[in-house]
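Morning, everyone. I have one structure today, and I will keep it brief. Please bring it up on your screens.

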Amino acid sequence: NAEYMGGAVVSTRCSETYTGGSRVGLLAGWIPLPWQRGYRSPRTAIQPGLRPGDCWPFRGASGYLVVQLSGVVRVSGVTVDHLPRELSPTGESDSAPRRFSVWGLSGESDTEGFLLGGFVYEASGHPTQTFSVTDPLIDPATHRPDGFRFIELRIESNHGNLVFTCLYRFRVHGKLIAP
């Protein structure tokens, strides 16, 4: 998992965790969803697991997650995982991320970043979807960094759930170019 590889979530730069607080996120019969039985922090998104409820639920249809990598990485792609629809307790995938972008940050306090790509996660597709980042090398004209230690995932929409979005797993792929 990413934590084993030295990655960490920058918890001060993440969306608000959705904790339920009402019957909105409950299944028929008022049974709590698995993630409502225990607190799921943003760290859940960088740990392995695709069991129902093993996600980081954040409030609303859009949000963000910032990850500090183990070193400076020349990013080549990212992977987003979501629970397969057939394993969902509700049979729905409306809480899956849909449109998202990935940004390389120069530091923890960088609020602008460098766009590495915009993507669409297809809820009807494979639960594990990998997206390639184009042109990851330095551009001498813009003096863009060759790699990044901080990556921001900006989820712009989900598949229709206005109350919360569940991020099961987010991974960054690339080459470590400096510790």
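I will go through confidence, overall fold, salt bridges and then one residue in the core.

Confidence comes first. This is a predicted model. The average pLDDT is 82, and 80% of the residues score at least 70. The weak stretch is residues 22-32, where pLDDT stays under 50. The model still has 16 contacts there beyond four places in sequence. Where pLDDT is low, the predicted coordinates should not be read in detail. Please treat those contacts with that in mind.

Now the fold. How many helices and strands does the protein have? Zero helices and nine strands. Along the sequence that reads β-β-β-β-β-β-β-β-β. The protein has 179 residues, and 46% of them count as buried. The accessible surface is about 9,000 Å², with 53% of that belonging to carbon and sulfur atoms. Look at the contacts between residues at least 6 apart in sequence: 75% of these join residues at least 24 apart.

Next, salt bridges. The structure holds four. I will take three of them, including E16 with R59, where the closest N and O atoms are 3.4 Å apart. E16 sits in the loop between β1 and β2, and R59 is in strand β2, so the pair ties together parts 43 residues apart in sequence. E16 is exposed, at 51% relative accessibility. R59 is partly exposed, at 38%.

Then D81 and R171. Their closest N and O atoms are 2.8 Å apart. This pair links distant parts of the chain: D81 is in strand β3, R171 is in strand β9, and their positions lie 90 residues apart in sequence. Is D81 buried or exposed? D81 is buried, because its relative accessible area is 2% and the cut-off for buried is under 20%. R171, at 25%, counts as partly exposed.

The next pair is R154 and E152, whose side chains meet at 3.1 Å, N to O. E152 counts as buried, at 5% relative accessibility.

E152 brings me to V102, since E152 is among the residues that V102 touches. V102 lies in strand β4, residues 99-105. V102 is buried, with a relative accessible area of 0%. What does V102 touch beyond four places in sequence? V78, F114, L115, L116, G117, F119, I151, E152, L153 and F170. Take V78 from that set: its C-alpha atom is separated from that of V102 by 8.3 Å, with the two residues 24 apart along the chain.

That is my tour. Over to you.

Methods: Residues numbered from 1 in each chain as written. Heavy atoms only, no water. pLDDT = per-residue confidence, 0-100. Contact = heavy atoms within 4.5 Å. Helix = DSSP H or I, 4+ residues; strand = E, 2+ residues; numbered from the N terminus. Buried < 20%, exposed > 50% of the residue type's maximum accessible area, 1.4 Å probe, protein only. Areas by Shrake-Rupley, 256 points an atom, 1.4 Å probe, with all protein chains shown as cover.
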